[in-house]
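Notebook open, coffee poured. I want to go through the charged and nonpolar spots of this one and jot down what turns up.

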Amino acid sequence: MYPGKIKTYLHNISIKKDLPKLIFITVYVIFIILTAGLTSYIEYYHKKNYQEYFNDKMNVMEATPESRYSSYEYYYDWFQKEIPQDAYSQNIVFILWDKDSRVLWHSNKLVEKFVGSDASKSNELFKNMKFLDIPEKKFKPYELYEKYKPMVSNRGKEPNLFITEFRRQMVFHFFKIPDIKQDIYVEVLRSFHRVVNLEIFIFMLLISLLVSLLFTFLAYFFIRMFLAPIEIMELSMDHFIKYRHAEIANYYSANEPGQLVKKYNILIQKLGNTQSDMFDDADGGNQKTVAYLQQRLLRKAIRKSNHVELLLYPKKPDNDFREFVTLEEEGDLTSLLYVHFDINNIESNIEKHILQDKFRELNEKSLSAEEINEELYKDFISHTEMGPGFLFLRILGSQLEWVKSGPFALFLINFEDQSSELLNSGEDFISSEKNSVESLSIGKKSVLIISNEIFDFLDIDSSEFSDLISKTMETEARPGKSFLGWIIDSINHLNPEAIKQSSLLSLVRIK
């Protein structure tokens, strides 16, 4: 992992989820290392003390086979007395060799009758017979004798050399009996038990695990306690985002998080006062500022499409923010969003631009129509006080997908046979459950979208308006601006106030 990636990981680490895991792993690894180190330390000094004890005993011994005792077996008895056996350490194999590689005495009674009878046969026996390897397969008496004999021979006035090898549960000794004229070499194999056995080691690992879990639990407890004020402030901010009203964060402490919450509450109170002052226009003092901001917001134009022709009436609305349309295009995919609000004020205008930005972000993520519909529904359902509604269209090639959850009427216009079909699906308002996405192939047909308010002003229903469209097409069947103009003239002929009061008519057709 590169330094940059480590820095990024540390910056993005979750304090509540990832940090306790890191603490557990770190503490447990440290305890395992300490347990292994302590075990190795104890075993090292145990072996070292044993070796020093053995060397001291052998250096000061006075008994030798040549001087005081008549047999090698008596020397073995003396060795067992000086290096006593117990339940944990016993002499397993004891062999005496002379300088000519002949066995003088062996503690194994099974081969005792061969020793001394015929030296050549005796040596072949020790070299080849398998039972001499018992109890440890790797113990080869003759090979070890040949290996270590040159190391302990002819040392002159130097101290005696006692060779000691520790094996898994055995210890091997090789030395030359000191202070005698005859060169006699001793091989000893003894059992040697570890001070820290496997059961104790496993117990230490379990204790380390319990201690690590305890440390992790304490760390998690303190992390939760430390993050409590941050979570409270986060809930307050979520409430503000959803309901446009911030609640005071209730957390009483004099430490650093407590001071942060106190400052946050002061900020929330000032923000609430600022919002009240900003939208309080009872005396008309802010009217010019509001009008200026509205005009600035109105300048945000609808982007042009490469695949779809979008005709709007009115093309540039004055100060009516109840209904609007926005268009986004990614490659061959064109998406349109029609929005309705019951209220017409600066808040609806601001919300208009927030929705336009969000719609652009959703399309840039290459989401499906169903996913965009779900995200739009979540946003609109949280602004029920504004009387929201929306119509979402998506066109790819000749395929049309749409979902209607607002007061819009859709008519499928076929200029070839001069017919009009009402796309009767969805709801005219935001319901408690989101509507599903519909789809069909429109080919060369056009889609006319109008506000339902038209029907109220004309005192007709959607079916009668569809007949009005068909009659208009008999007079003017050309698609585009001319057709939309004839529709507007027809509405004006029936009721001039309908066009003035209704805020949106649009025609969509594939280029």
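**Entry 1, the acidic patch.** I started at helix α12, residues 462–475, which is where Asp467 sits. The model is a predicted one, so I keep that in mind throughout. Asp467 belongs to a negative patch on the surface, together with Asp456, Asp459, Asp461 and Glu464. How exposed is Asp467 itself? I got 47% relative accessibility, so Asp467 goes down as partly exposed, since the exposed label needs over 50%.

**Entry 2, the nonpolar patch.** Next I looked for greasy surface. Leu38, Tyr41, Ile42, Tyr44, Tyr45 and Val195 make up a nonpolar patch there. Together they have about 560 Å² of accessible area. I placed one of them, Tyr41, in helix α2, which covers residues 18–60.

**Entry 3, helix α3.** Which residues of α3 are buried? I noted Tyr75, Tyr76, Trp78 and Phe79, within a helix spanning residues 72–82. Looking down the axis of α3, I see the buried residues fall within an arc of 160°, so they line one face of the helix. The background is simple: an α-helix has 3.6 residues a turn, so residues three or four places apart point the same way.

**Entry 4, salt bridges.** How many salt bridges does the structure hold? My list has ten. One of them joins the side chains of Glu165 and Arg167, at 3.3 Å from N to O.

Then I went to helix α9, residues 346–364, for Arg360 and Glu364, which are four residues apart there, about one turn of the helix. Their side chains meet in a salt bridge at 4.0 Å, N to O. That value is at the cut-off, as a salt bridge has to be within 4 Å. Arg360 is partly exposed at 30% relative accessible area, and Glu364 is also partly exposed, at 49%. I also found that Asp357 joins Arg360 and Glu364 in a network of salt bridges.

**Entry 5, a link across the chain.** Last lookup: Lys404 and Asp428, whose side chains form a salt bridge at 2.7 Å, N to O. This pair links distant parts of the chain, 24 residues apart. Lys404 is in strand β10 (residues 399–405), while Asp428 is in the loop between β12 (419–422) and β13 (438–441). Is Lys404 buried or exposed? Lys404 comes out at 7% relative accessibility, so I wrote it down as buried. Its partner Asp428 is partly exposed, with 40% relative accessible area.

Technical notes. Residues are numbered from 1 along each chain as its sequence is written. This is a predicted model: local features need pLDDT of at least 70, side-chain atom pairs count only at pLDDT 80 or more; totals for chains, interfaces and linings use all residues. Side-chain values use heavy atoms; hydrogens and water are left out. Buried means under 20% relative accessible area, exposed over 50%, partly exposed in between (1.4 Å probe, protein chains only). Helices (H or I, at least four residues) and strands (E, at least two) are DSSP runs, numbered from the N terminus. The arc is that of the directions from the helix axis to the C-beta atoms. Patches are made of residues with over 30% relative accessible area and no salt bridge: like charges are joined within 9 Å, nonpolar side chains (Val, Leu, Ile, Met, Phe, Trp, Tyr) within 5 Å. Accessible areas come from the Shrake-Rupley method with a 1.4 Å probe; for residues, only the protein chains shown count as cover. Lys and Arg count as positive and Asp and Glu as negative; His and the chain ends are not counted. The place of a charge is taken as NZ of Lys, CZ of Arg, CG of Asp or CD of Glu.
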